[in-house]
Each structure stands twice: as structure tokens, then as C-alpha cells.
Amino acid sequence: MEKVFQRPHALSDVSFHYCPGCPHGIVHRLVAEVIDELGIEGDTIGVAPVGCSVFAYNYFECDMQEAAHGRAPAVATGIKRARPDKVVFTYQGDGDLAAIGTAETVHIAARGENVTTIFINNAIYGMTGGQMAPTTLAGQVTQTSPYGRDIKTQGNPIRVCEMLSTLDGPAYIERVTVDTVAHIKKAKAAIKKAFQTQMEGKGFTLIEVVSTCPTNWGMSPQESFEWMRENMLKHYPLGVYKDITQEEEA
């Protein structure tokens, strides 16, 4: 019998530690499939900082480097400049990337470093108990905003794609999600394009994946996807926010 679906070679044959229903596993698989299809496993270096993805080195067969909380862009910059022949990516959550790592994120994009960032946005600090994050929606209840996020005192949630797309350095920025088969296919295409853009030496690329956190949201996996569609996608619209290849063609 022909095998038509199997584990990507770039994905380790181990069980994920993530909570039931967590989309991290889906995104890990997509990244691994792209690495396989591009034939770059031996030339790829991933950087994982503190967060739910801190153990990503257990799941990818390519070289992986740990980074301090929020510092993955700085570490990735050093790796890429030392080994410009390698494909370098960071894998970060919203608490890491958009809070303690905000400065690193902005400046790696502004410099146009030839690195790819996979950004998981689930609007909450998942690893440390579900506190309010920079991406938490207005009115959203978390462990540290039990009455809902009050924008008068806690500010508005940060839209990372929109912010970074105003800079000159980024080459390709897109926001995707993985709640349906169609969206999963689009997410994979976006991740692949980001890696290819880096391989062509065109500059910084970032793929934001609007995600869920069933455990800390207190919902079933299906309920969390429904809540995400009804609430998060209104504030974080899907789509391409910057693509210099289209600009060059125009």
C-alpha cells in the first residue's frame, strides 16, 4: 500500500509536550515540511527563546540554539552574520516577541537582517499561567486582567505585522492562521515563501500565526477556534502586509 502521508524527516519522532488542542504542533509540522521540501535540513539553524516553544530543540532535526527571553532576534542576527550561508529562523510567542523582545523585534526588522521569524500569537502568556500579553484583546479576561483588559490603563493590543510593515527593512510579512485545512495550506505556503525569500537574500521575513490557547482560555479546542475567529481575526486580519517581490514586479 502506498504511503501518502507521513512524518516530515525534519520533525523528530517524539511526542509533543504541548497541551491538547494547542496549534504549536500544527505549525511545527508545517515548518518541518517546508524544510524537507526545500532540502535545507542540514543548512538550517532554528532559535527558540523562553515560552511554550522553549523545548523546540526536541522537535526539529535541524540545529537549534536556545536564547534568553525575548532575545531570539539578537541571537539569530549573530548566527546569520557568522554563517550567512545558513537558513536561520526564530520561533517565538507573543509574550516573548511583543513584550520583553519588542526592541529586538523592531530592530532586526529595521536592519533588514536576512532571518525568518515564525510568530505565534495566542493573545496570552501561555507558558506561565495565562497572564495578559501585549496582544491580549480589549476586554479579554486573563489571570492578570480578571475584569478584562482596560485600554485606558493597560493600552491597546499591539498589531505586530502592521507595525513592522511600516519599516523599510522587512522583505515579506504575512499573517495566517491554522484553524481549517484551507488556512493550514495557506500558512504553509506563507512559511515556505518566507524561507525562500531569505534564501534569495532579500531581507527580514515574518509569518504571524494567529493561534489559540485552549488551556489558559478555559475552552475546548473547538470552542477556542470559534472564539478566535469571532474575536481575534477582527483585530488581527489575515493577509500579506508587505511583499517586496510584488513591489519589484509593480
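In the predicted model, ring pairs join F16, Y18 and Y59 into a cluster. A search of the whole structure identifies seven aromatic pairs. One of these is formed by F55 and Y57, whose rings are arranged edge-to-face, with a centre-to-centre distance of 6.1 Å and an angle of 80° between the planes. F55 is partly exposed, its relative accessible area being 35%. Y57 is likewise partly exposed, with a relative accessible area of 38%.

A further pair is made by F60 and F89, the ring centres of which lie 5.8 Å apart. The planes of these two rings stand at 80°, and the pair is therefore edge-to-face, since planes over 60 degrees apart are assigned to that class. F60 and F89 connect distant parts of the chain, being 29 residues apart. F60 belongs to the loop between β1 (44–48) and β2 (63–66), whereas F89 lies in strand β3 (residues 87–93). Both F60 and F89 are buried, whereas F55 is partly exposed, as is Y57.

Helix packing was examined for α2 and α4. The axes of helix α2 (residues 72–82) and helix α4 (residues 102–111) come within 9 Å of each other, and their crossing angle is roughly 35°. On the α2 side, the contact is made by P73, A74, T77 and R81. The α4 side contributes E104, T105, I108 and R111. Classified by residue type, the contact between α2 and α4 comprises three nonpolar, two polar and three charged residues.

Internal space was considered next. Rolling a probe the size of a water molecule over the atoms reveals where empty space is left. A search of the whole structure yields one cavity of 30 Å³ or more. The volume of the largest cavity is about 30 Å³. Its lining consists of L97, A98, T102, T105, V106, I158, V160 and M163. The elements supplying two or more residues to this lining are α3 (94–100), α4 and α6 (160–164). Of the elements involved, α4 gives the most, with three residues. The lining of the largest cavity contains six nonpolar residues and two polar residues, and no charged residue is present in it.

T105 appears in both descriptions: this residue takes part in the contact of α4 with α2, and T105 also lines the largest cavity. Charged residues, by contrast, are absent from the cavity lining, while the contact of α2 with α4 includes three of them.

How values were computed:
Residues are numbered from 1 along each chain as its sequence is written. This is a predicted model: local features need pLDDT of at least 70, side-chain atom pairs count only at pLDDT 80 or more; totals for chains, interfaces and linings use all residues. Side-chain values use heavy atoms; hydrogens and water are left out. Axes are lines fitted to C-alpha atoms, for helices over the stretch in contact, and angles run from 0 to 180 degrees between N-to-C directions. Helices (H or I, at least four residues) and strands (E, at least two) are DSSP runs, numbered from the N terminus. Contact means heavy atoms within 4.5 Å. Ala, Val, Leu, Ile, Met, Phe, Trp, Tyr, Cys and Pro count as nonpolar, Asp, Glu, Lys and Arg as charged, and the others, Gly among them, as polar. On a 1 Å grid over the protein atoms alone, a cavity is a set of points where a 1.4 Å probe fits but cannot get out, and a pocket is an open set with protein on both sides within 12 Å along at least five of seven lines; lining residues have an atom within 4 Å of a point. Grid points are joined across faces, edges and corners, and a volume is the space filled by probe spheres set on the points. Rings of Phe, Tyr and Trp (its six-membered ring) pair if their centres lie within 6.5 Å; planes under 30 degrees apart count as stacked, over 60 as edge-to-face and the rest as tilted. Buried means under 20% relative accessible area, exposed over 50%, partly exposed in between (1.4 Å probe, protein chains only).
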